[in-house]
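Colleague: Got a minute to go through this one with me? I'd like to start with how the chains meet, then look at some charged pairs.

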Amino acid sequence: MPTSLSLWASRVLALLGKEIKTELRTRYAFNSLLMFSVVTLTAVSFSVGQFALSVQVKAALYWLILFFASMAGLAQVFIKEEEAKTSYLLKLAGPASIIYLGKFLYNWVLLLVLQVIIIPLFVIFLDLELSNLALFLTVSVLGSLALSAATTIIGAIVSKANVKGALFAVLSFPLLIPVLVAGIEGTQLATGGARFSEGWGQLRLLVSFSVVMLTVSLILFEFVWSE
Amino acid sequence: MWWKILLLVGMSLIIILTFTWSPPQAKLGDVSRIFYFHVPVAWVSVLAFLVAMLNSVWYLRTKNLQFDTNSGIASKLGLLFTFLATVTGSIFAKAAWGSYWNWDPRETSLFILLLIYGAYLALRSAVPEETKRAALSSVYSILAFVTVPFLVFVVPRVFKSLHPTDSIVDKNLKIQMSGQVSALFFPSLLAFTVIFFWMYYLHQKVEKLSAKKEV
């Protein structure tokens, strides 16, 4: 176990830095996330044509795109270690909790960067009205926190399995239903012009889900990682 | 041996009495008789989920593969019972509400349980190595279990319920059943639970025998 908290945090950040550095070299995960979102958004835009979508449908689309984009890219963080056979070296680099937190933070950053790009696209192409910007951003940030908290450990599980492609979405969806529901409801409120306090229930659910997922993952990750 | 005979006699009695002796419910009429089978089956599908999760925790603590086998068996049986609960619920829904599927909160919860069992079994079949499969599926089963409380909060908010609640528990969560109904319902609940554990035990025996044969 690490001796002090600051040392521990610096090691987590070092891992995060390493992930970002390798990602900037290949841009594999980010490109697949981004292209997936753009392709889906364009397909929806084309099929909708001239019609205006309701607030409910737009909010649902926003979260569906985030969910499936995560499915396209977020397992990569562990799969690439298995494919490059570098996971053994990473095991020597530090205890499982540090690896988990570093990978989780990296996935969260990835989703946040993705949102920075797709939110303007949503506003431009689908005429998403951000009538309560503060609530919208809070829901998005906390929603992606919950998404990455759950998908990081599932990504670790999937990277150890033999069939990787479809399994990730199959395993993630049942666990992420509460996140998707709360995210969609929160976004509906934010784009429908509700006050910030009306979204409290959704925000609370997203935060408590993330806390529970992170705690359980920190306990269980060691069992997956040591396999 | 004696309890198997008791189970046979008891189960037969329950089936006969359900259709002859039990009073039909005031609002729903004869349709309500499915309650004696549907609720115990649904209870067992949740119980199996709990059994699978406890076995998973125990596997991770002891690394004894027997617990992982048990967890797999409980999940397979859970899938079967969840399926039965969905079908009996659908039959009731058609008779009482007019359509087989309404995305009622209880239907949705059972459906999600079905998805979780399916995902868990898909994961098991994707990993051939025994110890690896045991560790990965144990972790997943615990993860799935901790998300259930969130579903309990979320699902009823999205869908409004038509599900009869007054027949078992009232608003103050007290059990509300006439003597005749509870005299039939609780034995039925017990009988289905015993059947589940019996099947669980038989599957364990089969697994052990086939493991012996391989050696």
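Modeller: Sure. One term to begin with: a polar contact is a pair of N or O atoms within 3.5 Å, and within protein one of them must be able to donate a hydrogen and the other to accept it. Keep in mind that this is a predicted model.

Colleague: Okay, so how many residue pairs are in polar contact across the interface of chain A and chain B?

Modeller: The rule finds 2 residue pairs there, both at pLDDT 80 or more. Which helices are involved on the chain A side? α7 (133–160), α8 (165–191) and α9 (200–225) of chain A each supply at least two residues of the side that touches chain B.

Colleague: And which one gives the largest share?

Modeller: That's α9(A), with 11 residues. The residues on that side of chain A divide into 22 nonpolar, 4 polar and 3 charged.

Colleague: How many salt bridges are there between chain A and chain B?

Modeller: The count between those two chains is 0.

Colleague: Fine. How much area do chain A and chain B bury between them?

Modeller: About 2600 Å², with 82% of it on carbon and sulfur atoms. In terms of residues, 29 from chain A are in contact with 28 from chain B.

Colleague: New topic. How many salt bridges are there over all chains?

Modeller: The count comes to 8. Some of the residues involved are linked up: Lys18(A), Glu19(A), Lys80(A), Glu81(A) and Lys103(A) are in a network of salt bridges.

Colleague: What's the distance between Lys18(A) and Glu81(A) in their salt bridge?

Modeller: The closest N and O atoms of Lys18(A) and Glu81(A) are 2.7 Å apart. This pair links distant parts of the chain, with Lys18(A) in helix α1 (residues 5–26) and Glu81(A) in helix α4 (residues 76–83), 63 residues apart.

Colleague: And Glu19(A), which residue does it pair with?

Modeller: Glu19(A) forms a salt bridge with Lys18(A), and their closest N and O atoms are 3.0 Å apart.

Colleague: Is Glu19(A) buried or exposed?

Modeller: Buried, because its relative accessible area is 0% and the cut-off for buried is under 20%. Glu81(A) counts as buried too, at 4%, while Lys18(A) is partly exposed at 30%.

Colleague: What about Glu198(A), which residue is its salt-bridge partner?

Modeller: That's Arg195(A), with the closest N and O atoms 3.8 Å apart. Here Glu198(A) is partly exposed at 41%, and Arg195(A) is exposed at 56%.

Terms used:
Residues numbered from 1 in each chain as written. Chains lettered and ligands numbered in written order. Predicted model: local features only at pLDDT ≥ 70, side-chain atom pairs only at ≥ 80, totals over all residues. Heavy atoms only, no water. Salt bridge = Lys/Arg side-chain N within 4 Å of Asp/Glu carboxyl O. Buried < 20%, exposed > 50% of the residue type's maximum accessible area, 1.4 Å probe, protein only. Helix = DSSP H or I, 4+ residues; strand = E, 2+ residues; numbered from the N terminus. Contact = heavy atoms within 4.5 Å. Buried area = accessible area lost by both parts, 1.4 Å probe. Polar contact = N/O pair within 3.5 Å; in protein donor to acceptor, adjacent residues only side chain to side chain. Nonpolar A, V, L, I, M, F, W, Y, C, P; charged D, E, K, R; others polar.
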